[in-house]
Amino acid sequence: MSNNGKITLEIFRYHPETDTEPRFQSYEVPYDEDWVVLDAINWIKDHIDGTVTHRWSCRMGVCGSCGMMVNGEPKLTCAAFLKDYHPRAVKVEPLVNFPVERDLVVSMDGFMDKLDAVKPYIIRDDVNDTSEGEYLQSPAELARYKQFSMCINCMLCYAACPVVGHEEEFLGPAALALGHRYNKDSRDQGQSERMEVMLSDEAMWGCTFVGECSVVCPKHVDPAGAIQQAKAMGAQEYFKGFVMPRGAGG
Amino acid sequence: MNHGTTHQHDVIIIGGGGAGLRAAIAIAEENPSFSVACVSKVYPMRSHTVTAEGGAAAVIKDNDSLEDHIYDTISGADWLADQDAVEYFVNRAPPEMVQLEHWGCPWSRMPDGSVAVRPFGGMKIERTWFAADKTGFHMLHSLFQTTLKYGNIVRYDEHFASKLLLDDAGNCRGCAAIELRTGTVRAILGKSVIICTGGAGKAFPFTTNGAIKTGDGMAMAYRAGVALKDMEFIQYHPTGLPGTGILITEASRGEGGILVNKDGYRYLQDYDLGEALDVGDPRHPQKRAMELGPRDKLSQCFIKEKNAGRTIRTKDGDAVHLDLRHLGAAKIDKRIPFVRELARSYAGIDPVHQPIPVRPVVHYVMGGIDVDSNSATGIPGLYAAGECACVSINGANRLGSNSLTELLVFGAQAGTHAARFAMDRPDYDVSGLEAQAADEGERIRRDYFSMRTRSGSERIAVIRKELHDAMEDGAGIYRDAESLDAACNKIAELRERYAKITLDDQSNCFNTELTAALELASLLDVAQAMAHSAMERTESRGSHQRLDHPDRNDDDFLAHSLAFRAEDGGAPRIEYRPVTITRWPPGKRTYGADSGLKRPADAAAANDDTAASGETR
Amino acid sequence: MSGQYHRPHRWAWWTERPGYLRFMIRELTSVFMAGYLVVFVMTLASVGGGEAAFAEWIAALGSPAWMAAHVVALIAAVWHAVTFFGAVPQAMPVFLGERRLPGPVAQIVMGYGPWLTVSAVIVWWVVR
């Protein structure tokens with residue numbers, strides 16, 4: 001049923017120890033209609049060229065490791081099926097808008113710092129002891145932020161965001177959505193602290209709402225929506241500042 | 001390999017999954033002046049905890065009791081669990097789960113705002129907390145994000161720990177780790193070390209496990225002289241997608257899904273697992289019965305159906321059907337949306353309209369690094385927690401939803417004990433440990449980057465494939481002396497051939513071919529312990545089913561196996577240690593009608609509660 | 001060792017994805033909105049110049065070129081409004097309990113509905 005012929009992968013190659021410029025290398029692999037692009041890359045690494053370098057782990061779209069550009073589109077390669085490209089060749093590149101470490105591996109340093117910057121954890125003045133049981137949170141309260149908690153940090157949204165491409169410092173879709181996720185959590189009291197970061201120049205006002213982050217997001221997190229909502233919250237905070245003394249809001 | 005700088009901390013954690021992160025927070029909270037290093041071969045949010053779906057068990061509802069959770073766990077383990085450890089685990093489970101709730105985990109809720117629970121296999125009362133069907137994902141991300149709060153947790157992301165470093169007195173003082181970006185071998189030193197590196201499902205070809213689950217931590221401890229305990233117990237999850245092995249969570253059965261054979265018949269009723277209640281019956285799904293039986297039994301039933309010719313042929317092998325259609329789109333989308341997403345993407349099937357083909361798939365290693373009930377190994381200063389460790393609370397068969405709780409309870413415990421150990425320790429001789437790390441760098445250079453390896457004749461993928469076949473054929477759901485002997489011999493052969501391995505990649509930066517070679521070495525060690533431990537246990541218990549010894553033998557084998565690595569890499573020495581039995585003497589494991597329920601009348605009442613807890617309405 | 005590779009800046013980035021192009025068009029529509037505002041200010045100025053000046057200005061606006069410019073400005077304004085309302089469900093989600101209003105419904109409730117109501121009131125006020 002499967003296994004009809006071959007398919008060509010053109011893979012972006014760059015090795016910092018030997019190259020100054022990247023190049024593309026073509027590999028022919030067996031075509032199997034059940035295969036995803038990641039399977040084909042693994043086949044190359046196992047059977048043709050052990051130097052091809054990429055990240056992967058779960059192969060079920062939840063660990064977020066295997067994001068790459070597939071024919072110019074940011075994709076989880078474990079969820080990009082060869083049958084959607086066959087018989088054309090598939091061009092695989094590292095995610096754009098990130099420095100390339102080697103081949104298909106990009107540097108995550110900046111991204112990790114940005115996640116850290118938005119204080120993505122529950123901040124409370126009064127912390128209950130666990131013996132008092134869970135904080136109550138109604139299904140309606142959960143629904144307010146649940147979508148924004150689904151981010152797998154695959155960074156496809158950064159590859160789709162032209163602002164990230166132009167402003168290295170821009171916090172970017174995933175980090176801002178994560179900050180918003182905690183602001184919307186009924187258990188959290190850290191909004192004003194978090195907003196100090198999110199209202200800075202490199203943060204949400206840098207977003208021009210191109211919206212492609214939400215288009216490429218494999219988990220339907222809608223970071224663009226999160227950022228626009230955060231902007232509305234930020235504007236509210238700003239006006240509240242006029243009518244209320246600082247500290248009373250939030 | 002470059003020789004790198006030395007890094008000193010108080011406690012070193014190897015592994016950044018659920019257990020490692022929980023340990024890191026425990027130490028950071030209790031010892032703000034401590035420096036905690038978290039060394040992981042992947043960024044923490046890539047760790048395999050992320051793929052866990054169904055939920056995490058802890059007693060929190062009024063209709064439940066600690067006693068029941070203990071009994072379910074011990075009987076599920078076929079009495080191979082240490083009962084003092086199980087008691088500790090069950091008692092610590094609720095506060096740990098509440099703690100994670102306080103840290104922001106988005107648990108699914110009841111209308112009143114309290115956390116919701118769902119039934120799971122082998123549990124007589126619903127006690128599984130869940131965040132839809134991405135529980136592990138939410139737990140891991142909540143833990144990881146919480147670690148960002150603490151300035152004293154230092155992460156070594158994408159550092160592959162390859163060797164434990166012991167001082168002259170035999171205390172564990174850190175590890176040698178390869179920084180993937182540069183290929184530099186670093187000495188990362190501390191006063192105590194916790195291994196939290198997860199399981200080793202990748203010893204098998206067909207597994208729910210991600211690529212990273214290669215038993216590195218188990219192998220590291222094994223090589224340092226710690227025994228691997230109960231390695232013959234490998235859990236097959238009854239419902240994986242054929243072909244890919246992608247997990248379809250037990251929660252789909254907890255929500256009422258049924259398993260049928262090629263005739264549309266609920267075959268589990270033929271195997272002492274109870275009565276097939278109509279799916280419209282308010283008592284369905286009945287706990288500790290039928291589809292909510294334990295995983296070992298359900299996987300074994302599949303093989304029996306297959307041998308009777310009643311399974312369904314698919315292009316990816318035999319399967320049965322997991323039918324969720326009667327649940328309806330609304331309930332599926334609310335409670336198990338990921339199941340629908342996975343089935344659609346990877347099987348081309350929408351479970352709202354079609355049954356999902358499923359078959360048993362390697363999921364979890366019950367065995368692991370031998371630790372006591374304080375998470376301590378026999379080496380002073382060395383601790384282990386999570387799937388890589390064996391306390392044991394899982395015995396011969398782990399119950400679904402106990403492992404996520406386990407990594408919280410024992411991650412925290414290992415952190416606390418490792419920190420206490422570190423507090424009492426004087427400083428140590430850095431130069432000796434640095435020299436060991438340099439030797440490790442030299443070993444790697446010699447083994448993988450010398451002229452010999454450039455002209456070697458063996459490929460990683462070939463040896464790995466043969467290992468997979470040997471394990472599946474020899475040490476699968478049913479084994480016997482002959483099949484295990486073949487597996488042991490094959491592994492011995494592969495170990496020899498491994499010495500002739502060749503790497504295409506002779507460079508330093510991000511050499512994932514090197515890490516694949518190191519991972520294969522780990523798998524060969526771990527698989528050897530599995531096969532030999534299985535060979536020596538001439539009884540059937542839980543997930544270890546010997547065709548040539550079909551009965552449980554408490555007289556000789558109510559004991560943990562301990563595999564000690566042979567210096568020369570030959571057959572490991574197997575010893576036994578009695579199981580700790582406190583209040584629950586070994587009994588018959590029963591599911592279905594008389595399913596070990598001490599209060600049968602409660603079964604119906606408990607089911608009524610489930611129906612009423614309809615978050616779906 | 002040359003270290004990490006940084007891709008060159010892509011100046012034609014807005015041609016790379018249809019979504020980028022749509023974004024650029026959306027942003028460009030604001031130029032026409034601003035242009036129309038200038039025309040409106042000029043109209044007010046002509047009122048200040050007396051009845052004759054106003055009549056002359058209005059007559060000039062009747063020329064085919066001005067009519068065409070107005071049609072273009074109207075299309076741009078409508079497109080801008082459509083994209084604005086299109087963003088409403090993302091930027092201002094409406095929840096009923098734990099259920100979120102579906103996108104099209106939210107657009108009507110929060111966008112087109114109020115817009116059409118206000119427009120109808122204005123039309124009524126002008127033509128009565």
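Which residue stands opposite B:I14 in β11(B)? I will come to that residue by way of the sheet, but a word on the basis comes before it. This is a predicted model, in which local features need pLDDT of at least 70 and side-chain atom pairs count only at pLDDT 80 or more, while totals for chains, interfaces and linings use all residues. Residues are numbered from 1 along each chain as its sequence is written, and chains are lettered from A and ligands numbered from 1 in the order in which they are written.

In chain B there is an open sheet of 5 strands, with parallel pairing and the order β7-β3-β2-β11-β19; helices (H or I, at least four residues) and strands (E, at least two) are DSSP runs numbered from the N terminus, and two strands pair if DSSP finds at least two bridges between them. At the edges are β7 (153-157) and β19 (382-384) of chain B, each of which pairs on one side only. Strand β2 of chain B, residues 11-14, pairs in the parallel sense with β11 of chain B, residues 192-195, over 4 bridges, and here is the residue I promised: B:I14 stands opposite B:I195.

Two helices lie on this sheet. Helix α1 of chain B, residues 18-30, lies across β2, β3 (36-40), β7 and β11 of chain B and runs at about 170 degrees to β3(B), where axes are lines fitted to C-alpha atoms, for helices over the stretch in contact, and angles run from 0 to 180 degrees between N-to-C directions. Packing on the sheet as well, α10(B) touches β2, β11 and β19 of chain B, and its direction makes about 165 degrees with that of β11(B); contact requires C-beta atoms, placed from the backbone, to lie within 7 Å.

The same α10, residues 402-423, returns when we turn to α2(B), whose buried residues pack against β4 (56-57), α3 (83-102) and α10 of chain B. Of the 11 residues of α2(B), residues 66-76, 9 are buried, so this helix is largely enclosed by the rest of the structure; buried means that 20 or more other C-beta atoms, placed from the backbone, lie within 10 Å of the residue's own. Among them are B:D68, B:H69 and B:Y71. After α2(B) comes B:D78, with a positive phi near 55 degrees.

Chain C has 4 helices and 2 strands, running α-α-α-β-β-α from the N terminus. Buried residues make up 5% of its 128 residues.

Finally, 46 residues of chain A are in contact with 45 residues of chain B.

Notes. A residue is buried if 20 or more other C-beta atoms lie within 10 Å of its own, exposed if 12 or fewer, and partly exposed in between; C-beta atoms are placed from the backbone.
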